[in-house]
Amino acid sequence: MAKLLLSLHVLASVLFIGPVAVAVSMFPARAKAALAAGPDQVSAAASVKLLHRITQVYALLGIAVPVMGVGTAQVMGIIGQTWLIVSIVLTVLAAGALLLFVLPAQQNTVDALDAAPDSEEHTRATGGLRLLPMTAGVFNLLWAVVVVMMVIRPGSTTGA
């Protein structure tokens, strides 16, 4: 059972968290192009909406990753190990960054695409783009640290 749960946990990580990480990383550059006047504005706006939708849907699907991870840890009897608790805390921080900073900033940008260029909504979204690359980087860095901790697993008995 542990091997099945671990396989599902890793598979869900790759299939659900991977697309979120890529979409979150690509969003700021495409958003900047979409909010600026120019020939690429229309295609960039479509990209921004698609990247936001990918982030929303795959973030929701990504809930399966920690759920299966906790289930796997319980079956393996490692639920109280420090490296796992730190990984859980980092996962919660990544989810918090996504929910509190990344998704609202993306939504503001998507909303601004439908607003007039001289509107307050457009101006607010343009100003919010300054923090979006940083929050996207923090989100992805937290996930990278979790992945490394899962591979290294302090106290691992694999000898790797």
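How many residues does helix 3 have, and how far does helix 3 reach from its first C-alpha to its last? Helix 3 has 13 residues and reaches 18 Å, close to the 18 Å expected at 1.5 Å a residue; the expected span is 1.5 Å times one less than the number of residues. Helices here are DSSP runs (H or I, at least four residues), numbered from the N terminus.

The model is predicted: local features need pLDDT of at least 70, side-chain atom pairs count only at pLDDT 80 or more, and totals for chains, interfaces and linings use all residues. Residues are numbered from 1 along each chain as its sequence is written, and side-chain values use heavy atoms, with hydrogens and water left out.

Within helix 3, the residues Val65, Met68, Gly69, Thr72 and Ala73 are buried, a term that stands for under 20% relative accessible area, with exposed over 50% and partly exposed in between (1.4 Å probe, protein chains only). These buried residues lie on the same side of helix 3 because they cover an arc of only 140 degrees around the axis, the arc being that of the directions from the helix axis to the C-beta atoms. An α-helix has 3.6 residues a turn, so residues three or four places apart point the same way. Val67 and Gln74 are exposed on the other side of helix 3. The cover over the buried residues includes helix 1 and helix 4.

After helix 3 comes Gly77, with a positive phi near 75 degrees. Gly77 belongs to the loop between helix 3 (64-76) and helix 4 (82-113). Because its relative accessible area is 61%, Gly77 is exposed.

Helix 1 (residues 2-35) contains Ala23, which counts as buried at 2% relative accessibility. Beyond its neighbours within four places in sequence, Ala23 is in contact (heavy atoms within 4.5 Å) with Leu51, Ile54, Thr55 and Gln106. Of these partners, Thr55 is 32 residues from Ala23 in sequence and 6.1 Å from Ala23 in space, C-alpha to C-alpha.

Helix 4 holds Thr91. Thr91 is buried, with a relative accessible area of 13%, and touches Pro66, Trp143 and Val146, residues up to four places away in sequence not being counted.

The structure holds one salt bridge, that is, a side-chain nitrogen of Lys or Arg within 4 Å of a carboxyl oxygen of Asp or Glu. The side chains of Lys49 and Asp114 form this pair, at 3.4 Å from N to O. The salt bridge links distant parts of the chain, 65 residues apart: Lys49 is in helix 2 (residues 41-61), and Asp114 is in the loop between helix 4 and helix 5 (120-128). Lys49 is partly exposed at 37% relative accessibility, whereas Asp114 is exposed at 60%.

Conventions. Helices (H or I, at least four residues) and strands (E, at least two) are DSSP runs, numbered from the N terminus.
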